[in-house]
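Reader: I am new to this structure and would like a close look at one part of it, the pockets. Could you walk me through them, with whatever I should know beforehand?

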Amino acid sequence: MILAGFCLQSQPSSAQSLTLNQVTHQIEKARDAVTDLQADADFGFQVIMGIIPYRDTLHGTYFFKKPDKHRLDFPDAPSYLKSLPSMFSWKLPSLEKYEAKVIGPLAEGDTHFYSLVFTPKNLDSKTHSINTRVDSSNWRITRQDTYYKDGGSVLLRFAYLEKDGVSLLESVLGDVTLRDFKLSGQAQLRFSGHQLNRGLADSIFEGS
């Protein structure tokens, strides 16, 4: 059922089918346009853990430097922010742990994309599948949906803006249901005031 939405999409007849290596190469090539970046960041979430509601809103600065240095600088930031992955070099699931299948090219309205479907090699994994959507107009990841065998899920939506001819991440919206932790809710991370390729010093990331 999870794959049905992808398989029912119509294929653009003029588009070219690509392998997983070709798709990931295009993703990396698009990322090469961003050497470093600084942006204002707003992070907010509202969740329910058991029966207890919890919400928070934070404002600060996000720093990124190629290939994988990143830092969220929020005043008095809580410890959970340290575990957030890099937003501007989002990593696909590891091929050591997952089998991967490319579906596409697909079309939804005027958008053409590829769907990358990852299934765990370990049959005891709690993960059912991870579905990643890649927009073939800018080779940016626009969705990543993780489904768990117990019915839980983590659904991520990525939105972009154009600056100096480069597609830059503007927001990440997450809808989370984690049954093991009795947690559900939404979170969003928004970026603004992007400063692109200014030559950020490595010292900014020390201790991050």
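To begin with, where in the protein chain is confidence lowest, and where is it highest?

Author: Happy to help! This is a predicted model, and confidence is a good place to start. In the protein chain, the lowest confidence belongs to helix H1 (residues 4-7), with a mean pLDDT of 44. The highest is found in strand E6 (residues 127-135), at 98. For the protein chain, the mean pLDDT is 89, and 92% of the residues reach 70 or more. The stretch to treat with care is residues 1-8, where pLDDT stays under 50. The model does give this stretch eleven contacts beyond four places in sequence. Where pLDDT is low, though, the predicted coordinates should not be read in detail.

Now to the pockets. The largest pocket holds about 680 Å³ of space. It is lined by 24 residues, and Phe43, Leu84, Leu156, Val176 and Ala187 are the closest to its centre. Strand E1 (36-49), E8, E9 and E10 are the elements that give two or more residues to this lining. E10 contributes the most, with six residues. As for character, the lining of the largest pocket has 19 nonpolar residues, five polar ones and no charged ones.

The second largest pocket has a volume of about 370 Å³. Here 22 residues form the lining, and those closest to the centre are Arg31, Phe88, Ser89, Trp90 and Arg140. At least two lining residues come from each of helix H2 (20-31), E7, E8 and E9. In the lining of the second largest pocket, 13 residues are nonpolar, two are polar and seven are charged. So when you turn from one pocket to the other, look for charged residues: the largest pocket has no charged residues in its lining, whereas the second largest has seven.

Let us follow one of these residues a little further. Leu156, one of the residues closest to the centre of the largest pocket, is also among the contacts of threonine 142. Threonine 142 lies in strand E7 (residues 140-148), and E7 is one of the elements that line the second largest pocket. Besides Leu156, threonine 142 touches Arg133, Asp135, Arg157, Phe158 and Tyr160, leaving aside residues up to four places away in sequence. Threonine 142 counts as buried because its relative accessibility is 18%, and buried means under 20%.

The strands around the pockets also lead to some backbone details. Aspartate 164 sits in the loop between strand E8 (153-163) and strand E9 (166-178). Its phi is positive, about 55°, although aspartate 164 is not a glycine. With a relative accessible area of 65%, aspartate 164 is exposed. Further along, lysine 182 is in the loop between E9 and strand E10 (183-196). Lysine 182 is not a glycine either, yet it has a positive phi of about 50°. At 62% relative accessibility, lysine 182 is exposed as well.

Two peptide bonds deserve a glance before you go. The bond from lysine 66 to proline 67 is cis, with omega near 5°, and proline 67 is in the loop between strand E2 (52-65) and strand E3 (69-73). Glycine 104 and proline 105 are also joined by a cis peptide bond, with omega about 10°. Proline 105 belongs to strand E4 (residues 98-108).

How values were computed
Residues numbered from 1 in each chain as written. Predicted model: local features only at pLDDT ≥ 70, side-chain atom pairs only at ≥ 80, totals over all residues. Heavy atoms only, no water. pLDDT = per-residue confidence, 0-100. Helix = DSSP H or I, 4+ residues; strand = E, 2+ residues; numbered from the N terminus. Contact = heavy atoms within 4.5 Å. Buried < 20%, exposed > 50% of the residue type's maximum accessible area, 1.4 Å probe, protein only. 1 Å grid on protein atoms, 1.4 Å probe; cavity = no way out; pocket = protein on both sides within 12 Å on 5 of 7 lines; lining within 4 Å. Points joined across faces, edges and corners; volume = space filled by probe spheres on them. Nonpolar A, V, L, I, M, F, W, Y, C, P; charged D, E, K, R; others polar.
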